[in-house]
Every structure is written in C-alpha cells, then in structure tokens.
Amino acid sequence: MDVFSNLAQGFQTALSLQNVYLCFIGCLWGTMVGVLPGIGPLAGITLLIPATFGLDATGAIIMLAGIYYGAMYGGSTTSILMNVPGESASVVTCIDGYQMTLKGRGGAALFISAWGSFLGGTLSIIGLMLLAPTLADFAMKFGPPEMFAVLLVAFVLLGSLGSGSFFRTMPMVFIGLLVGTIGMDPLTGSLRFTHNVPDLYDGIGLLPVAMGAMGVGEILIATEESLLRIIHKVKLRELLPTRDELRASWGPIFRGSGIGFVIGLLPGSAHVLSSFVSYMAEKRLAKRPEEFGSGRIEGVAGPETANNAASGSAMIPFLSLGIPTGPAPAVMMIALLIHGIAPGPLFISKNPHVFWGLIASMYLGNVMLIILNLPLVGIFISLLRIPFRILFPVILLICLVGTYSVNTSTFELAVLLLFGVLGYFIRKMKYDMAPLILAMIIGPTMELSLRQALMRSDGSFSIFWESPITMILIGVSLLLLVWNVYRGIRPTKASWEKALEEGK
Amino acid sequence: MTKDRAASILFFLTGIYGFYFSVQLPMGRWNEPGPGVFPITLSILLLISGIAWFIVGKRGGAEKNQAEKASRRDVVKALATPLKIVGITALLIVVFNRAGYLVASTLYIFILLFWVSRYRIVVSLLLALSIGIGSWYFFQKILSVQLPKGLLFM
C-alpha cells in the first residue's frame, strides 16, 4: 500500500502544469534527437542541462529522463524507414524493419515498434517502482568494503557486457579509471596528473569527455561515409498492422520486456545489448529462423521493446545505488548533483517527491510518446529531409554549446575536442568508448571505498570477507572474472556475441 | 599496422605516462594507502594490456588482416574530412571568448559548409548567418545559456 500512496503523491507532483509541460518538452526533444542520426540522448540531455538551472530538481529530472526514454522511441523511425539507426540501440531494428519498409509494411513496423516501446517502457517503470526503494533500503547497510565489492562486480560485468570482448573492454576500463584519478586526491589533497594546470585541479569533467567521445567522435566517423540517404514515405492508414502481425508481436514484446529489464540493470551499453539479445532470442525461438532478415515483425517488436525496457531499469542502480550504468544516466546524475541532490541509497528516503514524481512522470511520458510517435510520425520524418551536410555542423555546434554552457569554460571545449579525436580513433580501432566513460565516473568512488576500507581494517584485506555481503559479491566477481577469461580465449562464441560484434 | 597493434601502442603509452607520474606520488602504507597506489596499479595493468595486444595484434595481422591493411592513400583520403573538422573546431575554441558566440559560431558554420560540405559561397554565407543568429537566439534568449559576448557585445 505504501507504494500506491507514494505513487499517488508522485502523480500529484507530476501532474502540475509545469511538470506536465517539462515532461512533454523532454519527450518531444528526446524523440527529435532519437530520430536525427548523430545526436543521441547524451547530447540531447547535455544541451538541456542549462535550461534546468532555473527549475527545481523534480522538474529538471522529469525533463531529462523524458529525453532519455524519448530517444529510444525516436531511434527506431530512421532504422525502419532509412536503414540508418537514429540511436545505437536501434542498430538491430534496421535488419528487419527496413526490409518491411521495402515490402510496403514500414507503417506496421513503426506501429509495432511504438506499441512495444510503450509496453516495455511501462513494464520497466513498474519494476523500477517496486525494486528501487527495496534496493536502496538494502544499500543503506553498505560501508566502504561493501561499496567496493559492488563496484568490483560492476567493473567485471562491464568487461563481460561491453560490445567487444573482455580483453578489448578492460584496457578501456583501465584508461577510464586512470582519467578518473586526475585532479586533487580527496583524502590527502595531493594533486595527480594536473601538471600545474588549475583547470585540472577538480579533475576532468564528465560532460566534455562523454560528449566528445560519443558525440564529436560519432560525427567524425559519419562524415567519412556517404551522406546521401533515401527516405521512404509512410501514410497514416499504412500504420495499422495486420491481425497476423499483431499476433506474432505479442510474444516478442513480453519477452523483450523481460530481457530488456534484466540487462538494463547491468553496467555497459545495456540498451544496445538488450536489443541484440532480444533479436537473437526471437530468431532462435522462431519456427522459420531463416526468414529473419527479410522483414519479420518479430525482429522489430522484440528489440525495440527490449531497449525501452532497459532504459527504464537502467534508472534503478543509478537512483538507488548512485551507480550509473551508461553515459546518459551518468549525465542525468550530474544534473541532479548540480541541483544539490546526490543519487544513492539515501536518495529515495530524503527526496521522495523527486523519486515518485519522476516515476509518475515516466508513466505519463510513455503515453505522450506513443501519441507523438504514431500519428505525428510524419512530422519527425520531415526532420530527416535536412541534408546531413547541413546537419553535422549544427550537431557539432550543439555539442560545443552544451559543453560550454555548464561551466562557461573553453578548457572544457578543448577536452571535448581531444576526446572527440580519441573517440574517433578508438572507434576506428573497433574498441568501445562507453566502458571508458563509465569507469571514469565510478572510478573515484571505487578508489575511495578501497582506501577507506583498508584504513578501517588497519591495512588488512580480511575486511573484504568479514561480512556476508562482501564475501558473496567478491565471490561473484571472481567467478565472473574466470568466466570472462575463459570466454575471451575460447574459440567459439554465442550467437548474440557474434551478432553484436558484426553489428559494431 | 593492424588496428589492434595501433590500440596496443595507445595502451602502452598511456601506461608509461601513468607510471612515470604515479611513482612521483606518495604510496603510503597498507593501513593508509597513498594517492599513488591506485594510479600505479592501473598504469601497470595498462602496460600489460599494451604488451598483450601488441603480441596478439601481430599474430592476427599475419594471419588474416590483408583487408584491414588499407593503402596509405585510402587512409589519408578517409582522414581528410575529420582532420579539417578538427582543425576548424580547434580554431573556434581559440577565438570563442574573444570573438563572441555570434561571430565565432557564424564563421565556424560558414567555414564548415563552404570547405567541408562544399556548398557555394553565397549559400554557405546565408546558411551560416541563419544558423548563427538562430542558434544564438535559441541558446541565449530561450534556454538562457551564458554565451561569450565578444566583439558585438551580444
């Protein structure tokens, strides 16, 4: 009953005129950045952070979360109609979605994608609502050794769930952790890797790194490719799926919701991975798997549901443990910190109006998004008529202004460019930048927890197996490490792993 | 050079850099670990990763990577556009505060459209003016973003 009374209060907060408006703006902007290739939720969120400075924390997080899950809805449109993923999670939707468009069923694919996104998103909010407070209560018992053990599991999982192999992901994690150590040491005040540059004393900001690596790096890659794209038109009456298509979609939608929810809890490129896993699961379960790739509705319904479900469940570790599982939740965390609110075990109990207001707004946002993405799909498609030759300078300008606006610092613009170049080369070398960014965010907490734990135990490592929680978590991370090493050196790989590597 | 070998050099050099500057930091003791412990551990792990990928990259390259080895001309051609964009963006960053947002962004868009996107000069100029002024209005007036005023005091 507690949940329902809290939710009712959350709806009171979310249904205020200002918050409904902010939720709508977030969903609209999120759909737009999802539709436009090259601008993902990360750039979309970063750009609107300055616009939240005049708002209260609830309004700010409602709008920014709207951008995050709105981008997942919008990303499928370009995948289905143009064979160009608007967002990285929609890569796999191109395979069958575009084939359906070529067969004149693009409208039905868009409908099922939006419907699946709505159901997956809504189911994951229910999970978030039930699980996050419980997890936060449990995490209240955590001291430095427990926190270190949780982060250790997160890092090993990051290695196993990145889009490359474990041995490819770990060096990126190490670089991210090293970048996270730049600046003043929080325990002793020593300066590390600052080279007498005052701008480095507080460390390197996450925003320029994330925007550079994911935004600028992506643009640099995209400008190498052909900029001519064909857009297929869809009429409103073509949106209705046939009875067979509807029947075939139910199973993938519910399976996709489950797959997406579970994978979204894990660190790494969860929404990307969830759509690949869902696609491979549907292919394996299909009576005629050979038809996948030629326009099967299951190949659209499952992945699109999964990536939306993952975006909802990704909020659980971020809000209840203070551990963001991806770059976009990390930027949302920064936005909350700017408003004086620290996500973590105490977040829900100290700020119930923010948490429950956000939850209620997410239900509301999902309804807004299905309305925005079905009847109004034509308006968003018209955005794609802007030639990429004009669009890319605008996207670069958005990245630059988004970064500059937070601290009005040109030094951060230089960091943005540096990490843009690094992101470009790293991607060329078939490595993934997301683990680097996540490691950079979580690294300082991990180091602090380790050092505090050792200080508390007077230098004895036995502190890490004194409590059952740490013992279990360290045991899990060791098992995962062994499994990862085995998986990294064995010759055969699971089908979803191969698909993920091919898709990259 | 294979892609993995190139990556291995990046890991190795980062590891060397981290190691060199970490050893200059206090290491402390086990009961009070100093600020150098974490970075030096990471630097060693990066050095190991660099060496491991160098060896694996060489083997992979000998076996299969004929396709991966693009000709030098192709590489230069592919790099030309990103290099132009990086150069123009670096220039923008240098003049951003002094010239102000309106002037700097309009010039930035103009150079990108004219030099990279290959639009005609008049089209580039018109587009740059519209995007520059439009974005200034959107960021400054609607989103209330603090932008440098510079030459035009706007």
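What follows is a chat about a predicted model with chains A and B, going through why certain words are used for parts of it.

Me: Let's start with confidence. What pLDDT does chain A average?

Reply: Chain A averages 84, and 91% of its residues score at least 70. Among the elements of chain A, helix α22 (residues 495-503) has the lowest mean pLDDT, 57, while strand β2 (residues 191-192) has the highest, 94.

Me: Why is Phe464(A) called buried?

Reply: Count the neighbours. Phe464(A) has 20 other C-beta atoms within 10 Å, and a residue is buried if it has 20 or more, so the label fits.

Me: Where is Phe464(A) found, and what is it in contact with?

Reply: Phe464(A) is found in the loop between α20 (434-456) and α21 (468-489) of chain A. Leaving aside neighbours within four places in sequence, its contacts are Pro145(A), Ala149(A), Thr470(A) and Ile474(A). Leu246(A), by contrast, is 52 Å from Phe464(A), C-alpha to C-alpha, with their positions 218 residues apart in sequence.

Me: What makes Ile316(A) buried?

Reply: The count for Ile316(A) is 25 other C-beta atoms within 10 Å. The cut-off is 20 or more, so Ile316(A) counts as buried. This residue is found in helix α13 (residues 315-320) of chain A. Beyond its neighbours within four places in sequence, Ile316(A) is in contact with Leu128(A), Leu131(A), Ala132(A), Leu135(A) and Leu265(A). As for Lys283(A), 33 residues away along the chain, its C-alpha atom is separated from that of Ile316(A) by 29 Å.

Me: And why does His195(A) count as exposed?

Reply: His195(A) has 8 C-beta neighbours inside 10 Å. A residue with 12 or fewer is exposed, so that settles it. His195(A) lies in the loop between β2 and α9 (206-222) of chain A.

Me: What is the phi of His195(A)?

Reply: Phi of His195(A) is near 50 degrees, a positive value in a residue other than glycine. Most residues other than glycine have a negative phi.

Me: Which residue of chain B has a positive phi, near 65 degrees?

Reply: That's Arg118(B), again a residue other than glycine. You'll find Arg118(B) in the loop between α4 and α5 of chain B.

Me: Why does Arg118(B) count as exposed?

Reply: Arg118(B) has 9 C-beta neighbours inside 10 Å. With the cut-off for exposed at 12 or fewer, Arg118(B) qualifies.

Me: How do you know that the length of helix α4 (residues 57-82) of chain A agrees with what is expected?

Reply: At 1.5 Å a residue, its 26 residues should span 38 Å. The C-alpha atoms at the ends of α4(A) are 38 Å apart, so the two values agree.

Me: Where is the kink in α4(A) centred?

Reply: On Ala71(A), with a kink of about 30 degrees. Just after α4(A) comes Asn83(A), with a positive phi of about 65 degrees.

Me: Why is α4(A) said to be largely enclosed by the rest of the structure?

Reply: Because 25 of the 26 residues of α4(A) are buried.

Me: How do you know that the span of α10(A) agrees with the expected one?

Reply: Helix α10 (residues 243-264) of chain A has 22 residues, which should span 32 Å at 1.5 Å a residue. The end C-alpha atoms are 31 Å apart, which agrees. There's a bend here too: α10(A) bends by about 30 degrees at Ser249(A), and Pro252(A) follows within four residues. Ser249(A) and Pro252(A) are both among the buried residues of α10(A), a list including Glu245(A), Phe261(A) and Gly264(A).

Me: Over to chain B. What pattern does chain B follow along its sequence?

Reply: The pattern is α-β-β-α-α-α-α, made of five helices and two strands. Of the 154 residues in chain B, 33% are buried.

Me: Where are the domains of chain B, and how far apart are their centres?

Reply: Domain 1 covers 3-64 and domain 2 covers 72-149. Their C-alpha centres lie 37 Å apart.

Me: How many residues of chain B are in contact with chain A?

Reply: 47 residues of chain B, which touch 42 residues of chain A. The largest share of the chain B side, ten residues, comes from α3(B). By type, the chain B side divides into 30 nonpolar, 14 polar and three charged residues.

Technical notes: Residues numbered from 1 in each chain as written. Chains lettered and ligands numbered in written order. Predicted model: local features only at pLDDT ≥ 70, side-chain atom pairs only at ≥ 80, totals over all residues. Contact = placed C-beta atoms within 7 Å. Nonpolar A, V, L, I, M, F, W, Y, C, P; charged D, E, K, R; others polar. Expected span 1.5 Å × (residues − 1). Bend = angle between axes of the 7 residues up to and from the residue. Domains from an automatic or database assignment. pLDDT = per-residue confidence, 0-100.
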